[in-house]
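User: I'm new to looking at protein structures and would like some help reading one. Could we go through it together?

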Amino acid sequence: MRAAGNAPVLPPGFSYQPQALSFDKSIALYQALSQSLAWQQNSIRLFGKSHTLPRLELFIADPDVRYSYSGKVLNNAPWPPMLLGIRNTLEQRFGQLFNAVLANYYRDGQDTMGWHSDDEPELGAQPLIVSLSLGASRKFKIRDKHSKAVTDLMLETGSLLVMQGNSQRDYQHALPKQAKVHQGRINLTFRSVGNTSA
Ligand SMILES: O=C(O)CCC(=O)C(=O)O
């Protein structure tokens with residue numbers, strides 16, 4: 001089903017806001033981040049075997065944040081000054097402090113993110129996660145955990161995808177391979193991570 005403006009009707013807890021950043025600003029930010037961040041090629045262990053992740057990553061967070069992802073505690077990179085204004089704007093807009101960003105860099109359409117939910121205990125039961133897309137448009141998939149129904153959405157540069165409520169409890173999401181995409185995309189997911197280390 002499609003709503004006006006050609007965006008699909010999204011499941012409860014998901015909302016899409018195009019052009020939160022103008023095209024020019026979003027592409028300039030994509031270029032600056034792709035060149036200046038110390039991107040990491042991480043791997044995960046699955047059934048005793050190490051797998052290189054098909055994307056680059058960087059976990060940017062306040063120094064007191066501890067966050068594990070796929071069973072590994074992530075090292076916190078400091079906030080790049082160019083993200084502080086956006087962080088502040090999003091905090092005002094959503095009425096929540098964001099102490100971390102998981103940044104993903106998909107170098108082209110071969111880089112992907114598999115099906116998962118952002119349901120780590122550190123995020124709380126009903127996390128508000130705000131995801132800013134920069135660079136190439138990529139298809140994003142949302143799958144109902146029970147009915148298995150899938151909704152497809154195109155994430156365009158400068159857009160925000162907001163996930164809240166039971167979006168992580170009831171749904172998984174993924175960014176599939178798109179062989180025809182030859183440009184890069186960066187995704188910044190602003191998160192509030194509870195400090196569970198104390
Ligand atoms: O690149 C995207 O839009 C997906 C990112 C994502 O699923 C995540 O960071 O949990």
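Analyst: Let's start with the overall fold and then move to the ligand. Keep in mind that this is a predicted model.

User: Okay, how many helices and strands does the protein have?

Analyst: Counting these elements is a handy way to get your bearings. Here you'll find three helices and 14 strands.

User: And what does the radius of gyration tell me about the protein?

Analyst: You compare it with what a compact globule of that length would give. For 198 residues that would be near 16 Å, and the protein has 16 Å, so the two agree. If you'd like box dimensions as well, the C-alpha trace spans about 45 × 40 × 35 Å along its principal axes.

User: Now the ligand. Where does the ligand sit?

Analyst: Look for empty space inside the protein atoms. In this model the ligand occupies the largest cavity.

User: Which strands supply at least two residues each of the shell around the ligand?

Analyst: Strand 7 (100-106), strand 8 (113-116) and strand 14 (185-191) do. Strand 14 gives the largest share, with four residues.

User: What residue classes make up that shell?

Analyst: Sort the neighbours by class and you get four nonpolar, five polar and three charged residues. Among the residues around the ligand are Tyr106, Met113, Asp118, Phe140 and Asn187.

User: How far from an oxygen atom of the ligand is the polar side-chain atom of Arg185?

Analyst: For polar contacts, check pairs of N or O atoms within 3.5 Å. The Arg185 atom is 2.8 Å from a ligand oxygen. His173 has a side-chain N or O atom 3.1 Å from an oxygen of the ligand, and for Arg191 that distance is 3.1 Å too.

User: How much of the ligand does the protein bury?

Analyst: Start from the ligand taken alone, which exposes 300 Å². The protein buries 99% of that.

Conventions
Residues are numbered from 1 along each chain as its sequence is written. This is a predicted model: local features need pLDDT of at least 70, side-chain atom pairs count only at pLDDT 80 or more; totals for chains, interfaces and linings use all residues. Side-chain values use heavy atoms; hydrogens and water are left out. A residue is near a molecule or strand if one of its heavy atoms lies within 4 Å of it. A polar contact is a pair of N or O atoms within 3.5 Å; within protein, one must be able to donate a hydrogen and the other to accept it, and residues adjacent in sequence count only if both atoms are side-chain atoms. Accessible areas come from the Shrake-Rupley method with a 1.4 Å probe; for residues, only the protein chains shown count as cover. On a 1 Å grid over the protein atoms alone, a cavity is a set of points where a 1.4 Å probe fits but cannot get out, and a pocket is an open set with protein on both sides within 12 Å along at least five of seven lines; lining residues have an atom within 4 Å of a point. A molecule sits in a cavity or pocket if more than half of its atoms lie within 2 Å of its grid points. Ala, Val, Leu, Ile, Met, Phe, Trp, Tyr, Cys and Pro count as nonpolar, Asp, Glu, Lys and Arg as charged, and the others, Gly among them, as polar. The radius of gyration is taken over C-alpha atoms; the globule rule is 2.2 Å times the number of residues to the power 0.38.
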